[in-house]
Amino acid sequence: MNERELKLLLEAGALKSIQIIAQGSLFHVEAKTIAGSKVVMTGRGEVRQWRSIDSCAKWLRNVGFGRFELLMDGWIAGQRNCF
């Protein structure tokens with residue numbers, strides 16, 4: 001699911017919830033719908049990831065979301081990614 005599809009689902013009222021999920025030191029977004037959950041992807045088909053909660057939350061706010069869940073059980077403080 002890309003940003004455009006996410007906005008369309010938001011406008012249609014088809015979303016149950018939005019979650020920011022920590023994985024290592026990165027964060028990604030999952031949208032929960034009636035049909036299941038979908039991960040937000042980039043234009044190249046990769047999982048869209050952020051390095052900080054702030055940048056992810058700002059992106060969600062710009063898309064139009066004011067409320068979301070933050071799941072931190074997969075977060076590892078101080079971990080560095082090998083890019």
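This note walks through a few local features of a predicted model.

1. Start with the aromatic residues. The structure holds one aromatic pair. Its partners are W50 and W59. The two rings sit 5.1 Å apart, centre to centre. Their planes meet at 45°, and the pair is classed as tilted.

2. Are the partners buried or exposed? W50 has a relative accessible area of 8%. W59 comes out at 10%. Both count as buried, because the cut-off for that label is under 20%.

3. Now place W59 in the fold. W59 belongs to helix 2, which covers residues 53-63. What does W59 touch beyond its neighbours within four places in sequence? Its contacts there are E3, L6, V40, R48 and W50. W50 is thus on the contact list of W59 and is also its partner in the aromatic pair.

4. Look at E3 next. E3 and W59 are 56 residues apart in sequence. In space, their C-alpha atoms are 9.9 Å apart. The two residues are in contact. E3 also falls within helix 1, residues 3-12.

5. Both ends of helix 1 deserve a check. At the start, a side-chain oxygen of N2 comes to within 3.2 Å of the backbone nitrogen of R4. What follows helix 1 at its other end? The residue there is G13. The phi of G13 is positive, near 75°.

How values were computed
Residues are numbered from 1 along each chain as its sequence is written. This is a predicted model: local features need pLDDT of at least 70, side-chain atom pairs count only at pLDDT 80 or more; totals for chains, interfaces and linings use all residues. Side-chain values use heavy atoms; hydrogens and water are left out. Rings of Phe, Tyr and Trp (its six-membered ring) pair if their centres lie within 6.5 Å; planes under 30 degrees apart count as stacked, over 60 as edge-to-face and the rest as tilted. Buried means under 20% relative accessible area, exposed over 50%, partly exposed in between (1.4 Å probe, protein chains only). Helices (H or I, at least four residues) and strands (E, at least two) are DSSP runs, numbered from the N terminus. Contact means heavy atoms within 4.5 Å. A polar contact is a pair of N or O atoms within 3.5 Å; within protein, one must be able to donate a hydrogen and the other to accept it, and residues adjacent in sequence count only if both atoms are side-chain atoms.
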